[in-house]
Amino acid sequence: MAEPLLIVEGLRCGYGEAVVLSDVSFTLGGGESLALLGRNGTGKTTLIDTLVGTTKRHAGSIRLGGRDLHSLPVHQRAAAGIGWVPQERNIFRSLTVHENLTAVARPGAWTPARVYELFPRLAERKQNLGNQLSGGEQQMLAFGRALVLNPRLLLLDEPLEGLAPLIVEELLRAIRRVAREEGLSSILVEQHPHMVLPVTDQTIVLDRGSIAFRSASEPLVIDPRPLDAWLGVAGH
Ligand SMILES: Nc1ncnc2c1ncn2[C@@H]1O[C@H](COP(=O)(O)OP(=O)(O)OP(=O)(O)O)[C@@H](O)[C@H]1O
């Protein structure tokens, strides 16, 4: 049987000497998407940042597409296929939308033209500067920038946070298309499970730096109660 696309084993990491995540292990198959849930401060961003390579790793391994990534610096992990949309939406604010996309594009299925098709709003604002965009448009652009890098694994850290309901719907449609229809393997960090369960295959919940719960996403769409203990009923 083929090896899963991503294999994370015994990961122990944090910032400086402070250990935030202890003994985190999971796998993700090619074309699968994962919802990474958990209350505030449980280590979701730390896990994403550890895959990207910006935290301190004390132990454990990260393997993507048969290649060990855990000892590589950030830029080599990106070249190996890690695409990242950080919480703070890293776009070039002084470049136009179009320049943002063309400056980083790498050969592959995702081109700036396909990003415009995914987000017609960005096509309309092609010549606007990054700093002239709304928060939602900036998130779309950050997402588009990660796509044109043509990653093997896309990491989205709370992409829906603080956005208006209509924009959230537009982004969820795009995430569904990219993750489910196009089969780009993705990890999606969220605090509200009802948003992301329907667009993911697997779910992991972090609590105090460990995986407290894991399940296929589909049964949780029908009955999210198993999540209550970790997220609280307010999460539904
Ligand atoms: N740069 C940092 N230096 C030291 N500690 C940090 C740093 N970033 C986060 N932490 C600590 O790591 C723990 C986990 O934080 P993390 O941001 O990973 O949680 P999270 O689940 O993503 O939370 P949120 O949903 O609020 O974004 C917290 O206790 C936090 O204080």
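This is a dialogue about how to read the sheets, the ligand shell and a few single residues in a predicted model.

Me: Where should I begin with the sheets, and what is the order of the strands in the open sheet of 6 strands?

Reply: The idea is to walk across the sheet from one edge to the other and to note how the neighbours pair. Here the order is 6-7-8-3-9-10, and the pairing is mixed. Strand 6 (82–85) and strand 10 (210–216) are the edge strands, each pairing on one side only, and from one strand to the next the twist averages 15°.

Me: In which sense do strand 3 and strand 8 pair, and how does strand 9 run relative to strand 10?

Reply: Strand 3 and strand 8 are joined in the parallel sense over 4 bridges, with Ala35 having Leu188 as its bridge partner in strand 8. Strand 3 also pairs with strand 9 in the parallel sense, again over 4 bridges, and there Leu36 has Ile204 as its bridge partner. Strand 9 (residues 202–207) and strand 10, by contrast, run antiparallel and are joined by 6 bridges; Val205 is partnered by Phe213 of strand 10.

Me: Which residues of strand 3 point one way, and which the other way?

Reply: In a regular strand the side chains alternate between the two faces of the sheet. In strand 3, Ser33, Ala35 and Leu37 point one way, while Leu34 and Leu36 point the other way, and all are buried. Because 5 of the 5 residues of strand 3 are buried, the strand is largely enclosed by the rest of the structure.

Me: What is the order of the strands in the open sheet of 4 strands?

Reply: That sheet has the order 2-1-4-5 and antiparallel pairing, and its edge strands are strand 2 and strand 5 (67–68), each of which pairs on one side only. Strand 4 (residues 56–64) is joined to strand 5 by 2 bridges, the two running antiparallel, and Leu64 stands opposite Arg67 of strand 5.

Me: Which strands does helix 1 lie across?

Reply: One lists the strands that the helix touches, and then reads the angle between the directions. In the sheet of 6 strands, helix 1 lies across strand 3 (33–37), strand 6, strand 7 (153–157), strand 8 (185–189) and strand 9, and it runs at about 145° to strand 7. Helix 6 (residues 135–148) also packs on this sheet, touching strand 6 and strand 7, with a direction at about 175° to that of strand 6. Helix 1 further lies across strand 1 (6–15), strand 2 and strand 4, running at about 70° to strand 2.

Me: Which residues touch the most other members of the largest nonpolar core?

Reply: That core has 60 residues, of which Leu36, Val115, Leu155 and Leu188 touch the most other members, and helix 6 supplies the largest share of the core, 7 residues. Leaving aside its neighbours within four places in sequence, Leu155 is in contact with Ile48, Leu51, Val52, Ile82, Gly83, Trp84, Val85 and Ile187.

Me: Is Val189 buried or exposed?

Reply: Val189, which is found in strand 8, is buried, because 24 other C-beta atoms lie within 10 Å and the cut-off for burial is 20 or more. Apart from neighbours within four places in sequence, the contacts of Val189 include Leu36, Lys44, Thr45 and Ile48.

Me: What surrounds the ligand, and which helix gives the most to the shell?

Reply: The surrounding residues are Tyr15, Ala18, Val20, Gly38, Asn40, Gly41, Thr42, Gly43, Lys44, Thr45, Thr46 and Gln191. Strand 2 (18–28) and helix 1 (44–52) are the elements that give two or more residues to this shell, and helix 1 gives the most, with 3 residues. By character, the shell divides into 3 nonpolar, 8 polar and 1 charged.

Me: Where are Arg89 and Arg208 placed, and what is the phi of each?

Reply: For these two, one reads the backbone angle together with the place in the chain. Arg89 is in the loop between strand 6 and helix 3 (97–104), and although Arg89 is not a glycine, its phi is positive, at about 50°. Arg208 lies in the loop between strand 9 and strand 10, and its phi, near 45°, is likewise a positive value in a residue other than glycine. Arg89 is buried, with 20 other C-beta atoms within 10 Å, whereas Arg208 is partly exposed, with 13.

Key:
Residues numbered from 1 in each chain as written. Predicted model: local features only at pLDDT ≥ 70, side-chain atom pairs only at ≥ 80, totals over all residues. Near = placed C-beta within 6 Å. Nonpolar A, V, L, I, M, F, W, Y, C, P; charged D, E, K, R; others polar. Pairing = 2+ DSSP bridges. Axes fitted to C-alpha atoms, helices over the stretch in contact; angles between N-to-C directions. Contact = placed C-beta atoms within 7 Å. Core = buried A, V, L, I, M, F, W, Y, C linked by C-beta atoms within 7 Å. Buried ≥ 20, exposed ≤ 12 C-beta atoms within 10 Å, placed from the backbone.
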